[in-house]
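Colleague: I'm still learning to read structures, and one strand caught my eye. Please take me through it slowly, along with whatever lies around it.

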Amino acid sequence: MQRVRMSLPYFKENGWQVEVVVVDREYTDLPTDELLIESIPADVKIHYVKAFNKTWTSKIGFGSIAYRSYWFFRKKVNQLLKAEKFDLIYFSTTQFQVCTLGAYWKKKFKIPYVIDMQDPWHSEYYRDKPKQQQPPKYRLSYQLNKYLEPLAMKHVDGLISVSENYIEILKDRYPHLKKKPSATITFGAFEADLKIASNRQDTFKLVLDPGYKNMVYIGRGGMDMYNAITPVFQMLKKGLVDEPSLFKKIKLYFIGTSYAPSGQEIPTILPLATQFGIEEQVEEITGRIGYYHTLITLQQADALFIPGSDDPNYTASKIYPYLLTNKPLLAIFNAQSPAINILKEFGVKHVYSYDKTPGIHSKIELFFKEVINNDMGEQAYNPVAIKKYSAQMMAKRQCDLFNLINLLP
C-alpha cells in the first residue's frame, strides 16, 4: 500500500491517470492511520471493497485479508473494466494471493498486468527452519503459495521488486519471465509524510522514556534477525559490565515487531535480550503503531537501528523514513543485502554486515558512546542520493516500466 500511496502524487506528471481499489479499513484487524488520506491527491479515485468476516473464515483456516477480499476485488474490478477503458492493472501489495486475478482479468478484458514483489511470495526460506521459527500455518501457506504463484506468473507482463534477487529467483523458477520487462525499484523517500506527522505530533502517545538515550527500531521482529541484533546486545552487555554508569543511559526499543492480531502477539526480541541479561535496557512492543505515529517516534529518538534478516535476499524496503529524520543510524545486514550499498550511497557512517565486517563489536561500542555523549548530532546525508531515491523518482521509474509494457504488441 505504501508504495502506491507515495507514488500517487507523481503518476499524472508521468502521463498516467490512476484509480485505486482497496479493502475498506473496517475489514482489517491491523492498526489503521486516518492521516494517510491527507497525502493522496484529491483527484485520485479510490474504490473501496468489502471482505468476508474474519471471525468465521478463520474457522476454516483463511483469516488472511487477501482470501477474505478476493471475491469482492473480482466483482468490483469487473465492474470498472466493463465500464471504462484501462491500459494496465498494477498489483502492489504483500497480500499476493489477489494477484492471481491478474491472469483472469487479462484473459477476460485483454489488459496487461504488473506485479510488485515487495517480499518473496513462494519462498523456501523457512522450509528447513524449526517449527518455532516458522510463521503461523506455515505448511498450509507454503502449499497454497506454491500453487498460486505460478498462476499469477504464467501471464504477468512485467515485474517490479525492491530487490534484484527476488526478480532473479522468479526468472530462474519461470524462465519465460526473462523476456518480460522488470525493474528493481525501492520504496521512495516521501518528505511530505514528515510534514503531516509533524503537524499532528501532539495527537500521538509518547512511546519513549525521556530519561534515557533512546535507540529505536520500528518494524517486524523475528529470529531471522538474531544475527544482526546479537552483536548489538553483546556490546550493550559488555558496556553494562565495564562502564555501567555510562551504558545504563541507553535504552533500545523494538516496536511493532508482530503482525499478529492484538492480544495474540509473541515477543521475539525480548527473549534474546533476556539471554544476555539486558532486559532492563531493552523494550519490545509487539503491537503495531500507525504510520505517522512511527514517523514521530523515529524523530523523537536519539538514534535509530535497522537490523537485517539472515536471508541474503532481504532488503529493508522502508529505510527511507529513517534517513529523512537525519538521526544517527546503526544498520547491520547480511553482507549480500542490497540495503548496504544504498545506505553507503546516502553516506551512512555506521552500516555493517554481521558476517563480513571486521571489528564489528568495537564499531558498535563506538556508536553507543557517540550517542550517549551526543557526539554525532544531526546527520547530513548525500543530497544526490536523496533525490535519486525520492518518491518522485521512484514513481517515474514505475511509469517507465508501465510505458514499456504499454508499447509491447
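Which residues of S4 lie on one side and which on the other, and are they buried or exposed?

Modeller: Happy to! Before we start, please keep in mind that this is a predicted model: local features need pLDDT of at least 70 and side-chain atom pairs count only at pLDDT 80 or more, while totals for chains, interfaces and linings use all residues. Residues are numbered from 1 along each chain as its sequence is written, and side-chain values use heavy atoms, leaving out hydrogens and water.

Now to your strand. Tyr113, Ile115 and Met117 sit on one side of S4, Val114 and Asp116 sit on the other, and all of them are buried, so both faces are covered. "Buried" stands for under 20% relative accessible area, "exposed" for over 50%, and "partly exposed" for in between (1.4 Å probe, protein chains only). Counting along S4, five of its five residues are buried. The way the numbers take turns has a simple background: in a regular strand the side chains alternate between the two faces of the sheet.

Where does S4 sit among its neighbours? Four strands make an open sheet, in the order S3-S4-S5-S6, with parallel pairing. At its edges stand S3 (89-92) and S6 (182-184), each with a single partner strand, so one side of each is left without a neighbour in the sheet. From one strand to the next, the twist averages 15 degrees. The labels come from DSSP runs numbered from the N terminus: helices are H or I with at least four residues, strands are E with at least two. Two strands count as paired if DSSP finds at least two bridges between them.

Let's look at the pairings themselves. S3 and S4 run in the parallel sense and share four bridges. Serine 92 has its bridge partner in S4, namely aspartate 116, and you have already met that residue as Asp116, one of the buried ones. Further along the sheet, S5 (residues 158-161) pairs with S6, again in the parallel sense, over three bridges. Here serine 161 has threonine 184 of S6 as its bridge partner.

Next come the helices that lie against the sheet. Helix H6 (residues 164-173) packs on it, touching S4 (113-117), S5 and S6, and its direction makes about 150 degrees with that of S6. Helix H16 (residues 391-407) also packs on the sheet, touching S3, S4, S5 and S6, and its direction makes about 170 degrees with that of S5. Such angles run from 0 to 180 degrees between N-to-C directions, and the axes are lines fitted to C-alpha atoms, for helices over the stretch in contact. A contact, in turn, means heavy atoms within 4.5 Å.

H16 deserves a longer look. This helix has 17 residues and reaches 24 Å from its first C-alpha to its last, close to the 24 Å expected at 1.5 Å a residue; the expected span is 1.5 Å times one less than the number of residues. Its buried residues are Ala391, Met394, Ala395, Gln398, Cys399, Leu401, Phe402 and Ile405. They cover an arc of only 155 degrees around the axis, which puts them on the same side of H16; the arc is taken from the directions from the helix axis to the C-beta atoms. If the spacing of those numbers puzzles you, an α-helix has 3.6 residues a turn, so residues three or four places apart point the same way. What do the buried residues of H16 pack against? Their partners are S3, S4, S5 and S6, together with helix H1 (2-11) and helix H15 (383-388).

One residue of H1 shows this packing nicely. Serine 7 lies in H1 and is buried, with a relative accessible area of 3%. Leaving aside residues up to four places away in sequence, serine 7 touches Ala395 and Gln398, both among the buried residues of H16. The C-alpha atoms of serine 7 and cysteine 399 are separated by 9.8 Å, with their positions 392 residues apart along the chain.

Finally, step back along the chain to helix H4 (residues 101-109). Leu101, Gly102, Ala103, Trp105 and Phe109 are buried there. Lysine 110 follows H4 and has a positive phi, near 60 degrees. A little further on, the residue numbers bring you back to S4 (113-117), where we began.
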